[in-house]
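Let's take a walk through this fold, going from one helix and the strands under it out to the sheets and the ligand. Keep the 3D view open and turn it as we go.

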Amino acid sequence: MAITSVPGHPSAHRAQIGASVAALLEADPRSIKLPSAYAAAWKLPNYLDVPTCKRLVAMIDANRRPSTLLSDSGNSSFRTSESCDMDRRSDEIRPIDEGLAHLLGLDPAWGETMQGQRYAPGQYFKAHHDYFHEGESYWPAMKASGGQRVWTAMIFLNDVEEGGATWFPQAGVRVKPKRGTLLAWNNMNLDGSPNTATLHEGTAVSEGVKYIITKWFREAPWTPIA
Ligand SMILES: O=C(O)CCC(=O)C(=O)O
Ligand SMILES: [Fe+2]
């Protein structure tokens with residue numbers, strides 16, 4: 001993936017979002033701040049209950065197709081999982097979708113379509129940033145459709161026998177899949193510029209199958225490009 005030297009610039013607006021979401025997570029009795037001097041990330045064990053996780057797994061199994069990548073230099077060995085859109089208009093997804101926005105204090109309209117992902121043994125998602133590199137050719141279209149991806153919320157839907165951890169090599173954070181656990185992090189620095197230390201990967205599953213949902217929040221209302 002092409003990494004430009006400066007992925008983006010400071011922004012008072014994004015800095016304000018970062019601070020307000022962090023304050024909400026800090027105040028949430030369910031949240032555990034992950035120890036890192038370089039990235040702001042929280043874990044909420046048992047965020048989703050078992051029946052809900054099981055229903056989401058079944059929906060992913062019914063809809064999965066090979067995952068795609070947004071990059072100028074994308075290649076098919078970078079992200080080998082399967083994924084699908086989780087339709088926010090459905091009765092099953094809407095409350096989960098709105099619950100995530102509420103947890104972070106963000107407008108649901110700023111959230112992209114929730115992604116379901118499934119990793120079979122040997123599948124992985126190589127190290128990447130969720131934010132957009134503002135030097136890449138896709139940026140003008142992303143800027144116009146809601147701007148930066150400021151926050152990521154991810155939920156593990158099952159326990160995985162071996163492998164499949166979410167690993168932030170620069171921030172020094174590793175989270176093992178555990179059914180119902182939510183992981184949320186700020187993709188920006190305190191000054192609102194993209195935080196390069198949020199580099200992360202979905203490590204290869206070695207035994208079992210891994211299911212997650214991922215939700216990316218923009219800095220403004222998201223308008224899907226048709
Ligand atoms: O599978 C993982 O643990 C990471 C997924 C991820 O990075 C993403 O969906 O953006
Ligand atoms: Fe990611």
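Start with helix 2, residues 50-63, which lies across strand 4 (82-86), strand 5 and strand 14. The helix runs at about 80° to strand 5. One thing to bear in mind while you look around is that this is a predicted model.

Now look at the strands that helix 2 crosses. Strand 5 covers residues 114-119, and it pairs with strand 14 in the antiparallel sense over five bridges. If you want a landmark in that pair, find Arg-118, which stands opposite Tyr-211 in strand 14.

Zoom out and you'll see the sheet they belong to. It is an open sheet of eight strands in the order 1-2-11-7-14-5-4-3, with antiparallel pairing. Strand 1 (32-33) and strand 3 (65-66) stand at the edges; each has a single partner strand, so one side of each is left without a neighbour in the sheet.

Let's follow the sheet in from the strand 1 edge. Strand 1 pairs with strand 2 in the antiparallel sense over two bridges, and here Ile-32 stands opposite Lys-43 in strand 2. Moving along, strand 2 pairs with strand 11 (residues 182-186), again antiparallel, over four bridges. In that pair, Trp-42 sits opposite Ala-184 in strand 11. Strand 2 itself, residues 41-44, is covered on both faces. Ala-41 and Lys-43 on one side are buried, and so are Trp-42 and Leu-44 on the other.

Next, find the loop between strand 7 (149-156) and strand 8 (162-163), where Asn-158 is located. Is Asn-158 buried or exposed? It has 21 C-beta neighbours inside 10 Å, and the cut-off for buried is 20 or more, so Asn-158 counts as buried. Leaving out residues up to four places away in sequence, Asn-158 touches Cys-53, Val-57, Pro-177, Arg-179 and Tyr-211. Two of those names tie back to where we began: Cys-53 and Val-57 are contacts of Asn-158 with numbers inside the 50-63 range of helix 2. Tyr-211, also touched by Asn-158, is the residue opposite Arg-118. For a sense of distance, Asn-158 and Gly-105 are 53 residues apart in sequence and 26 Å apart in space, C-alpha to C-alpha.

There is another sheet to look at. Four strands form an open sheet in the order 6-12-9-10, and the pairing is antiparallel. Strand 6 (125-128) and strand 10 (173-175) stand at its edges with a single partner strand each, so one side of each has no neighbour in the sheet. From one strand to the next, the twist averages 10°. Three bridges join strand 9 (residues 166-168) to strand 10, and Phe-168 stands opposite Val-173 there.

That brings us to the ligand. Which residues are around ligand 1? They are Phe-125, Asp-130, Thr-166, His-200, Gly-202, Ile-212 and Thr-214. Strand 12 (200-202) and strand 14 (210-218) are the elements that give two or more residues to this shell. By type, the shell divides into two nonpolar, four polar and one charged.

Finally, a word on annotation. An unreviewed UniProt entry lists residues 110-219 as "domain: Fe2OG dioxygenase". In the model, that span is 5% helix and 42% strand, and its end C-alpha atoms lie 7 Å apart.

Key
Residues are numbered from 1 along each chain as its sequence is written. Chains are lettered from A and ligands numbered from 1 in the order in which they are written. This is a predicted model: local features need pLDDT of at least 70, side-chain atom pairs count only at pLDDT 80 or more; totals for chains, interfaces and linings use all residues. A residue is near a molecule or strand if its C-beta atom, placed from the backbone, lies within 6 Å of it. Ala, Val, Leu, Ile, Met, Phe, Trp, Tyr, Cys and Pro count as nonpolar, Asp, Glu, Lys and Arg as charged, and the others, Gly among them, as polar. UniProt positions are given in the numbering used here, feature names are shortened, and annotations may be inferred rather than shown by experiment. Two strands pair if DSSP finds at least two bridges between them. Two residues are in contact if their C-beta atoms, placed from the backbone, lie within 7 Å. Axes are lines fitted to C-alpha atoms, for helices over the stretch in contact, and angles run from 0 to 180 degrees between N-to-C directions. A residue is buried if 20 or more other C-beta atoms lie within 10 Å of its own, exposed if 12 or fewer, and partly exposed in between; C-beta atoms are placed from the backbone.
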